[in-house]
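Work through the exercises below with the sequence and the coordinates at hand. Each task is followed by a stepwise solution.

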Amino acid sequence: AALTPSFKLSYYNEYKSYLRMIDVQPLKAFLAASNVRCRDHEEVLRKLSQLKHGGYNKLQVLADFDYTITHLYNNGDRKSSSFGAVEKYSRLSDDFRTKAKALFDHYYPLEVDPNIPHDKKTELMTEWFTKSSQLIVSENLSKAALNDAADTSKVCLRERFPEFASMLRRDSVPLLVFSAGVGQIIERVLDNAQISRDSGVKIIANRMEFNQNNDAIRFTSPLITTGNKAKVCQSHQEYFNKHHDRSNIILLGDNIEDCQMSACVDGIPGSNVIKIGFLNDKVEERMSLYLSTFDIVILNDPDFGDIVDLVKAIN
């Protein structure tokens, strides 16, 4: 049934009264940052106010890894994804790198094309990830080589992300890193930055399996792609059940497909999901679509300072 005018007015007055009860100035300051945009200022402020009202005890964070926790560019230099760290590893064969680059050049523009329908993009990304994973396994990559690939890669964490992770750990806020990348590369990058991966941090990503000689023989199934995170999260309900009382969720991504992660918390009663997207390049071209998909959009591939400021404002 349609809401009556009197009900709408009552809800609006109740919301205004609620805002007066808490200090929203830090939240307004966050939204006023020069590189922050939002599609509906009033609705976003309502969601953020609910986050603040719940505090850290009601908060959890879901974050993509590649080009969300990490940079796409830094000082004008194009950075690698976690898959790219393997595909560009200098000790793999020239034939491998040629084939991997050809796959990247064909599929990456399709991955970031916001105009391709979801089902078609899922199909294309499954093709890419299957071909790429088979190519990687064909090189008999060892565990030691995989670590070296991470250590020598151009994967670049956003500045102040370690501070963000430390804040969450200090206040026992769970962080889920949900990535279509390579799990062992992600772990190594975090370890190299001395970011704790204790019980408060969970990583869901593609993982390489090794034989008794420590040579890679396959990726775990099913492969996670940018298009199937909503489906994959169904296999990890134990994690979400564990945190079912944390109804305020910050979702971080750089691709509109990352908003699928909200399906992971659909079963939480009264869930309040604030979706924040990093729009790293082609800002003018993609702005409208990102604003229609994310609650908040952060422009131009910055450090993690805006997210740090937001979490501080919630406390």
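**Exercise 1.** At what angle do helix 7 and helix 9 pack, and how far apart are their axes?

Solution. The model is a predicted one.
- Step 1: helix 7 covers residues 143-151 and helix 9 covers residues 183-192; they pack at an angle of about 55°, and their axes are 9 Å apart.
- Step 2: angles of 65 to 115 degrees count as roughly perpendicular and those under 35 degrees as roughly parallel, so helix 7 and helix 9 are oblique to each other.
- Step 3: the crossing of helix 7 past helix 9 is right-handed.
- Step 4: helix 7 contributes Leu-146, Asn-147, Ala-149, Ala-150 and Asp-151 to the contact, and helix 9 contributes Gln-184, Ile-185, Arg-188 and Asn-192.
- Step 5: sorted by class, this contact of helix 7 with helix 9 has four nonpolar, three polar and two charged residues.

**Exercise 2.** Describe the packing of helix 5 and helix 6 in the terms used for the previous pair.

Solution.
- Step 1: the angle between helix 5 (residues 94-111) and helix 6 (residues 118-137) is about 165°, with the axes 10 Å apart.
- Step 2: an angle over 145 degrees counts as roughly antiparallel, and helix 5 and helix 6 are therefore roughly antiparallel to each other.
- Step 3: helix 5 passes helix 6 in a left-handed crossing.
- Step 4: among the residues that meet are Phe-96, Leu-103 and Tyr-107 in helix 5, and Leu-124, Trp-128 and Leu-135 in helix 6.
- Step 5: the contact of helix 5 with helix 6 comprises twelve nonpolar, one polar and five charged residues.

**Exercise 3.** In what order do the seven strands of the open sheet lie, and which helices can be placed against the sheet?

Solution.
- Step 1: the order is 1-11-10-9-2-5-6, with mixed pairing.
- Step 2: strand 1 (36-38) and strand 6 (201-206) are the edge strands, each pairing on one side only.
- Step 3: the average twist from one strand to the next is 20°.
- Step 4: strand 9 (residues 248-253) and strand 10 (residues 272-279) run parallel and are joined by six bridges; Leu-251 stands opposite Lys-275 in strand 10.
- Step 5: helix 3 (residues 41-54) packs on the sheet and touches strands 1, 2, 9, 10 and 11, its direction making about 120° with that of strand 10.
- Step 6: helix 12 (residues 283-293) also packs on the sheet, touching strand 1, strand 10 and strand 11, and its direction makes about 175° with that of strand 10.

How values were computed:
Residues numbered from 1 in each chain as written. Predicted model: local features only at pLDDT ≥ 70, side-chain atom pairs only at ≥ 80, totals over all residues. Heavy atoms only, no water. Pairing = 2+ DSSP bridges. Helix = DSSP H or I, 4+ residues; strand = E, 2+ residues; numbered from the N terminus. Axes fitted to C-alpha atoms, helices over the stretch in contact; angles between N-to-C directions. Contact = heavy atoms within 4.5 Å. Left-handed = near helix turned anticlockwise from the far one by under 90°. Nonpolar A, V, L, I, M, F, W, Y, C, P; charged D, E, K, R; others polar.
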